Structure formats: C-alpha cells, structure tokens
Amino acid sequence: MLTLVFVLVFNFFLFRVVQTDPVGSLFRGRNIPQERLDELREEFGLDEPMLTQFGLYLRETAQLNFGYSYQSRQDVWGEISERIPPTVILVGVSAVLSAVIGTLGGVIAAWRRNSWKDHSITSGTMVFYSMPDFWLGMVLLVLFAVVLGWFPVGGMVAAGSGETGVSRLLDQLHHLFLPTLTLTLAYLGEYTLVTRSSLLDVMGEDYLTVARAKGLRDVVVRNRHAVPNALLPVVTLTAINFGFVLSGAIAVEAVFSWPGLGKATADAIRGPDLPMLQGLFLLFSAAVIFFNLVADLTYSWLDPRVEEA
Amino acid sequence: MSIAMKRRRATAGRVRRQFRQSRLGMVGLTVLGVFILMALAAPLLVDATELNPVRARQAGNPQWASPSEFSPLGTDHLRRSVWAQFVWGSRVSLFVGLAATVLTILVGSVVGIVSGFVGGRLDGFLMRITEWFLVIPFLPLAIVLASVLGRSVWNIIFVIGITSWPSTARLVRAQVLTVKQRLFVDRARSLGASGPHIVGHHILPNVSGLILANATLAVPISILTETTLSFLGLGDPSAASWGRTLEEAFVNGAMTRNAWWYFLPAGFGILAVVLAFTLIGRTLEEIANPRLSGR
C-alpha cells in the first residue's frame, strides 16, 4: 500500500517537476498572448503551491482522470481502458503457455541432468533468453508472414472483413499466433532455469531416497515427491510475471501492430504524449504491485514456514 | 599488508585456473574478445563516413541492395552499408552496456555495503527504498524516465543505472551480513579498527567476487534494455547502436521488403554479446559460489 503511495509521489514529481511548464510546452512555438497562458495555468491549477497541486493530482488520479492525450485529444483513461483486453489476451495466453511449457522443460532437464536432453533444453532456452524479444518477433514475422505467408503481418483482425461469430474468432486466433509464439519463447527460459535449479536442490533430499527405497517407480518419485516441493519458487515467479501481463509486451506489440497497451506505449513515446505515458505507467505499476501482493500471499499459504520470517 | 597482497594474488590465480577449466566460460570470453576488438578497431575496419547518407549517395551505393549485390552485408533505405552500421553500432551497444553496468554496480554495492554494515535505522530506510524500486516495473520506468529526460547516450546510461541497482544492493547486503558475523571482523574491531577500515580491508575483499559475478550478469540486462529503449525510439540520434539499427529497419519497412540483411546482423550481434556475458557470468558465479557448480 505504501508502495502505491510512493509510485504516486514519484509519478507526480517526474511529470510535474521535471516538466516545469506543461502549458508552455503545449503551445511551444505558437504565439499565444501572455494573459491567455496565465489563464490556462490557473485553469490547470499550475499557479497553486506544490502541495496544493499534489492534492489536486491525487484527487484526479483517484477519479481516474489523467487528462487528455496530446495525440488523440481523447480522455486518457478512455483510450487506455480500450487497450486493456487485447493485451490481456495476448500476454495472458503467452504467460500461461510459457509457464507450463517452461516448467515441464525444467523438470525434464533436471531429472536427466547432464543428458543430451538437459543440454539441448538448457542451451536452447539460454539462446532465446539472450535475444531481444522484439527481434525474435521480427524474425518470426518475416519468416512466417512475409516469406511463407502463413500468417497475417499484424493487427488483431483482418481489416474491413466485417466477419462475425466463429470465422471472426478464427481470424483473431490466426492473428494471435505469431505474437503469442514470440512471447512464449521469450518467457520460457526463466521458468526452465528456475524450475531446473529448484528441482536440483530438492533432488539431494533424504525423502526422495526414502521414496525410492519404498520401491516407488521413478515417475512417481518425480511427480509425487520431487516436483511439488520444487515448484514453490516457480509459483512465485508465475505470480510476479502475471503482474507484467499489462506491461510485458511493449516492443513485441509494436512489431505486430497488436492494438494493446504496449502499442499505446510505443505510440505515446513517439509524441511524446506525456499524459498518456503517465496514465500507462500508473496502470503498469498498480498491476505489478497487486500481483506482488498475490505472490506473497500464495507463497505463505503454500509454505507456512515463511510466516515466521 | 604484503601477506594480504600475496594471498589476494593467489586467489586471483586460482580463479583464473578454475575459469580456464570451464569450456563454456572460455567460449564466452573468446566471443566477447572478438566483439570488443571489433568495437575498438572500428575506425580501422570501416570509415565512419560510410554512415553518412549524403556520402553514401555520392559514392553511388544502391538502395536496399542485398549482400550479393553489395558486399559484405548490403545497404539500407539510405544507401548506407549495413556492415558499417554493424561495426560502429557494436561500439555504442557495448559502451552503453558496460557504462550502465558500472553505474548499477556502483550504486548497488554502496547501498548494499552501507545498509548491511551500518544496519539499524539506516538499513531499514535504504531497504525500503530498494523495495520500492524493485516493485516498480523496470521497463516502463526506464521508458518514462528516458522520455522525460530526452534522447542521449548519457541519459540512457543514467536511466538503466538508476532502474537496475536494487537487485545488486539486496544481494550485496545479504553477503555483507554474513561476512559481518565472521570472527575476523570481531577481531579487527576489538583491535580498534575503524568502520571504514573494516569495510575496506575485510568486508570488500570478501564480497568483491560476488560483485564481479553480479556485474557480468548485469551487462546482458543493460544491453537488452538499451536495445529495447532504442527500438522504441528513445536512443541517441547521433550515436547509432544495434538497437537503433533495428528501429530504423523496422520503421522503414525492411520486414515487408524481406530485407533480412538489414535486421539480422544487429540482432545476432546482441545475441552473441549477451550470451557471451551470460556464460562468463555463470562461470564466475560457480567459482565464487561452489555450491552452484554442476548446474
């Protein structure tokens, strides 16, 4: 909760203090009479002392009033809220896929440590982990959309198709495929590496030797005894990564012209459209803070030992 | 003093020997060496004027030429040689990556050591700030800061440094806390050593390995962040990094033209350098923390 207050204060100073004169920069280069400028400053409350301005800012933020976008002249919150669903679909699906596939990969790699499977999984994920996610998107886009023509080059639906029902849904899935593949590959590595090292930690434990001594099959030892205990850090990682569902795909959305929050951010940078950036930043921070709280709560629910710490 | 020096030299020798035994670590070191040489020798390899679109036009370079039409890596929409951009871009990318890491490690280590060594209220205060920075989403914060500050190499370095120090601070603090409990610190203190002396002679040598490993692992993050910021249009217009090459390729439609020679080299350059630093960092980490070896 205190963190949210910190973000609010930080946001205020960043945009109001660094940019000392928003009205002046709004009309930069244009010939506006001084009285009109003063009038505008009064209207926006910029002539008030800093503390009053801060109070004003808190009230406006609580009302989700972030002002008007420089670029579209629309209400910032209206613009932003429209962009939430596409991003949640894209990054949500990718987050789930990468968590599931990445964890499975990590389990396989750790259980057969130093085998060819381990080496190929570990080095493969490290390569994907080491490239910029948007570049991976560019390569996949050129390969599968431009050269092979299997998938559309961007957007969320085919322009002007006017389709409805099932065919529209299929069209959206068709558009969803490449960006989802990009993000899934980009996020996989983290899960694989965390799962692998956590499982390796557990594998030396006595209770696994006991389980084996009972005569349990290898698969049962792995799935019933080893993996559940190794999954704790993975659960936390998943919860924390869900905080980035809103802000996780800024450059990738730009590459695929996916009409979500990431594309909105990329467009706002070009302006720069400061009110829009401010609103997006607050939303991104709030999401991360919320999911961090969820991560903490799940962790102490799954592992009661941390309660004491 | 001379005993301490000898011991330190022996440790350095041991680390070097252990490092040589790691195949992946040596691969990383070799790849990195090649790229650093390329960055340093850039003026010898390609003339900087080849980056100038006016010169490229005067030289009669073709537009969007593939590598078979214009060696070695083709040209872009402004007739510039892609090879020249690749060579000169490595300078900016490596410089920003290293400088931002130095800043990150400096801030992170100072906060971590002060917080861990002094403890008490100061520790609580510093850790609070660290937590706040950890919670704020990293890339959006960097984007917002970079947009507000303006486009320059130093601003990018500042932005990356200021957003990525908290994890280093936490790591260093934890290590300092364990070192502080050791007997030799008590001994130094009972002999009347001052705080700064203990930090400089007993704490720092014992956390420097960890700091070095952490620094090597922080470089990839710095380079990838610089690339993303440049790709989003926040890079320095006068110093083109690999990220900026990718941005220009994307904005000017290299992808729909299938001009793969324009955006593949820069991406592979980033991939190679980041992977090299990761391999080196993991090897150093294993040496500093033998419990990890075999992972």
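**Exercise 1. Overall architecture**

What pattern does chain A follow, read along the sequence? Describe both chains.

*Solution.* The model is predicted: local features need pLDDT of at least 70, side-chain atom pairs count only at pLDDT 80 or more, and totals for chains, interfaces and linings use all residues. Residues are numbered from 1 along each chain as its sequence is written, while chains are lettered from A and ligands numbered from 1 in the order in which they are written.

Step 1. Chain A reads α-α-α-α-α-α-α-α-α-α-α-α-α-α, that is, 14 helices and zero strands. Helices (H or I, at least four residues) and strands (E, at least two) are DSSP runs, numbered from the N terminus.

Step 2. Chain B has twelve helices and zero strands. The C-alpha trace of chain B spans about 75 × 45 × 30 Å along its principal axes.

Step 3. Burial is judged by counting other C-beta atoms, placed from the backbone, within 10 Å of a residue's own: 20 or more is buried, 12 or fewer is exposed, and in between is partly exposed. In chain A, 36% of the 309 residues count as buried; in chain B, 43% of the 295 residues do.

Step 4. Two residues are in contact if their C-beta atoms, placed from the backbone, lie within 7 Å. Of the contacts in chain B with a separation of 6 or more, 72% join residues 24 or more positions apart.

**Exercise 2. The side of chain B that touches chain A**

Determine which elements of chain B meet chain A, and classify the residues involved.

*Solution.* Step 1. The contact involves 32 residues of chain B and 38 residues of chain A.

Step 2. On the chain B side, at least two residues each come from α6 (120-135), α7 (138-149), α10, α11 and α12.

Step 3. This side of chain B comprises 23 nonpolar, eight polar and one charged residues. Here Ala, Val, Leu, Ile, Met, Phe, Trp, Tyr, Cys and Pro count as nonpolar, Asp, Glu, Lys and Arg as charged, and the others, Gly among them, as polar.

Step 4. One of these elements, α11(B) (residues 242-251), has nine of its ten residues buried. Among them are Trp242(B), Leu246(B) and Phe250(B). Their cover includes α7 (133-147) and α12 (250-255) of chain A, together with α5 (82-118), α10 (195-234) and α12 (260-288) of chain B. Just after α11(B), Gly253(B) has a positive phi of about 75°.

**Exercise 3. Two helix pairs**

Compare the packing of α8(B) on α10(B) with that of α2(B) on α5(B).

*Solution.* Step 1. Two packed helices are described by the angle between their axes and the distance between the axes. Axes are lines fitted to C-alpha atoms, for helices over the stretch in contact, and angles run from 0 to 180 degrees between N-to-C directions.

Step 2. The axes of α8(B) (residues 153-180) and α10(B) come within 9 Å and cross at roughly 155°. The two helices are therefore roughly antiparallel. Angles under 35 degrees count as roughly parallel, over 145 as roughly antiparallel, 65 to 115 as roughly perpendicular and the rest as oblique. The residues of this contact include Ile160(B) and Leu171(B) of α8(B) and Leu210(B) and Ser222(B) of α10(B). By class they are 13 nonpolar, seven polar and one charged.

Step 3. For α2(B) (residues 23-40) and α5(B), the axes are 8 Å apart and the angle is about 110°, so α2(B) is roughly perpendicular to α5(B). Phe35(B), Ile36(B), Met38(B) and Ala39(B) of α2(B) meet Val87(B), Ser90(B), Arg91(B) and Leu94(B) of α5(B). Six of these residues are nonpolar, one is polar and one is charged.

**Exercise 4. Two serines**

Is each of Ser222(B) and Ser257(A) buried or partly exposed?

*Solution.* Step 1. Ser222(B) lies in helix α10 of chain B. Ser222(B) counts as buried because 27 C-beta neighbours lie inside 10 Å.

Step 2. Leaving aside residues up to four places away in sequence, Ser222(B) touches Val96(B), Gly97(B), Ala100(B), Thr101(B), Thr104(B) and Ile160(B). Ser222(B) and Ser93(B) are 129 residues apart in sequence, yet 9.3 Å apart in space, C-alpha to C-alpha.

Step 3. Ser257(A) sits in the loop between α12 and α13 (261-270) of chain A. With 15 other C-beta atoms within 10 Å, Ser257(A) is partly exposed. Its phi is near 45°, a positive value in a residue other than glycine.
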